[in-house]
Amino acid sequence: MKSEFKKDDCVTLHIEDIGTGGEGIGKADGFTFFVKDAIVGDVIEAKIMKLKKNYGYARLMKVLTPSKDRVEPKCPVARQCGGCQIQEMRYEAQLAFKQKMVQNNLERIGGLSDFEMYPVIGMETPYAYRNKAQFPVGEDKDGNIVIGFYAGRTHHIVEQTDCCIGAPENGEVLRKVKAYMQKNQIRPYNEEHHSGIVRHILIRTGYHTKEIMVCLIVNAAKASCLKNAEQLTESLREMDGMTSVMVNFNTEKTNVILGKKSEVLWGQPYIEDFIGDVKYQISPQSFFQVNPMQTEKLYAKALEYAGLTGNETVWDLYCGIGTISLFLAKNARKVYGVEIVPQAIEDARNNAKRNGIDNAEFFVGKAEEVVPAFYEKALKQVQDSEAGKSIHPDVVVVDPPRKGCEEILLETIVKMQPQRIVYVSCDSATLARDLKFLSANGYAVKKVQPVDQFGHSVHIETVVLLSQLK
Ligand code: SAH
């Protein structure tokens, strides 16, 4: 199709659909435009930014008639900041969008039809829910320190220290770090020149314990780069709940935020928090679910779907610091956990010990390497009843990162023949792909439960129960 449109033209669009990144989709003269910050039901004026053969990108200039789902975002920089994508959408509409996205992916990518899908479990108040934030630190053109968030798809830092989905304490922590940096002339990191010191500030908070960890990620190999660090720790310690002040070393030219090594400046090298009645130790590097209230609901579902009575053998793959493993261990005979980050496994083992759990065993490595190797080895020792039980578990739980599971892992899971597979997913497209494989190999998708862990973003967590076909 040849369009008459040119870059910088203004068009009037009726937004009729929403893309996977939360952008509004509208048509003009049969030509499709994607518009960030526009939502279904809006009539808008938009300026064309980029034209492709039969679609284009446009910038929202003016809302002519607002959608019934449009609300005023709570955050003043909601449009610039890349953290949230759909804050201008009523929360109930966000949930409906996510529900539909999961359903569509399972049907279209997964080719699934015969499953029970439950309404998404949403948050009561979708604000101040995150227990972890990583703020980039940089400088403006006049050399002033800027702390905030990256604008969408760029490394331009939007100043924002009081993010409304983050912990309320974050703002005070950031002001204290900034004051310390200014007083001691500690430069923020400059990505372009790979110079300067402070790259990011990581803050973790315990939802139940109210403990706080502050970790400065520095472009240096030694903590002495933070001169007069006691001024920083003294100031941070004035805050209730301050438990851990750390420094993490990252001298690489990389987008990866944390380096491999950390050191304590003051306090403990971790904070603690509860999920249900299990207490967890959390280090700077460890993965821990970011929304503690919703995580309890998510894990309760995973536990329900695992259907444990106390006699079961369970594998928990991608176990992080053993969060799900320990939750399950209380109701199972034995749990095996696998995780790629060694520090997380160290935390998992400590967490087991500290909670008096002695029926959980953990392995470091890639699930797609550890599990097949374990399976092959144990197959040779089947006369040993523990080996037999370990490779023919009752339940396998997987909770992979966004890219989902490698096929070799899914193949091994199928060979292990668990009665049930519980798939916890943070990306419904890769979930659908993996469910397609499992459905073609002896498992039926029974139940699908989305849980909203990430209000105002386009992300959604989903728990799925699969049963072995007899
Ligand atoms: N189940 C945990 C963690 C889930 S997040 C929880 O609920 O807290 C996914 C985890 O998978 C992360 O801890 C990540 O470090 C780990 N991971 C990523 N790739 C992996 C792989 N190939 N093998 C094993 N673990 C992996």
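Q: Which of the residues around the ligand come nearest?
A: In this predicted model, Tyr299, Thr323, Glu339, Ala367 and Asp399 come nearest, out of 17 residues around the ligand. A residue is counted here because one of its heavy atoms lies within 4 Å of the ligand.

Q: What makes the approach of glutamate 339 to the ligand a polar contact?
A: An N or O atom in the side chain of glutamate 339 is 2.6 Å from an oxygen atom of the ligand. The cut-off for a pair of N or O atoms is 3.5 Å, so the pair qualifies as a polar contact.

Q: Which backbone atoms are in polar contact with a nitrogen atom of the ligand?
A: A polar backbone atom of tyrosine 318 is 3.0 Å from a ligand nitrogen. For alanine 367, a backbone N or O atom lies 2.8 Å from a nitrogen atom of the ligand. Both pairs are within 3.5 Å and therefore count as polar contacts.

Q: How much of the ligand does the protein bury?
A: Taken alone, the ligand exposes 570 Å², and the protein buries 90% of that.

Q: Which elements give two or more residues to the shell around the ligand?
A: They are α5 (323-329) and α7 (367-379). By class, the shell holds 9 nonpolar, 4 polar and 4 charged residues.

Q: Why are β21 and β22 called paired strands?
A: Pairing needs at least two bridges; 8 bridges join β21 (residues 443-451) to β22 (residues 461-468), so the two strands pair. They run antiparallel. One of the bridges links tyrosine 443 to glutamine 468 in β22.

Q: What is the order of strands in the open sheet, and which are the edge strands?
A: The 8 strands follow the order β6-β21-β22-β20-β19-β16-β17-β18, with mixed pairing. The edge strands are β6 (116-117) and β18 (360-364), each of which pairs on one side only.

Q: How do you know that β3 and β5 pair?
A: There are 4 bridges between β3 (residues 31-35) and β5 (residues 55-65), against a requirement of at least two, so they pair. These two strands run parallel. Phenylalanine 34 stands opposite tyrosine 57 in β5.

Q: In what order do the strands of the barrel close?
A: The 5 strands close in the order β1-β2-β3-β5-β4, and the pairing is mixed. From one strand to the next, the twist averages 50°.

Q: Where do the domains lie along the chain?
A: The domain assignment gives domain 1 (10-65), domain 2 (99-123 + 291-468) and domain 3 (132-269). The C-alpha centres of domain 2 and domain 3 are 34 Å apart.

Note on methods
Residues are numbered from 1 along each chain as its sequence is written. This is a predicted model: local features need pLDDT of at least 70, side-chain atom pairs count only at pLDDT 80 or more; totals for chains, interfaces and linings use all residues. Side-chain values use heavy atoms; hydrogens and water are left out. Domain bounds come from an automatic or database domain assignment. Axes are lines fitted to C-alpha atoms, for helices over the stretch in contact, and angles run from 0 to 180 degrees between N-to-C directions. A polar contact is a pair of N or O atoms within 3.5 Å; within protein, one must be able to donate a hydrogen and the other to accept it, and residues adjacent in sequence count only if both atoms are side-chain atoms. Accessible areas come from the Shrake-Rupley method with a 1.4 Å probe; for residues, only the protein chains shown count as cover. Ala, Val, Leu, Ile, Met, Phe, Trp, Tyr, Cys and Pro count as nonpolar, Asp, Glu, Lys and Arg as charged, and the others, Gly among them, as polar.
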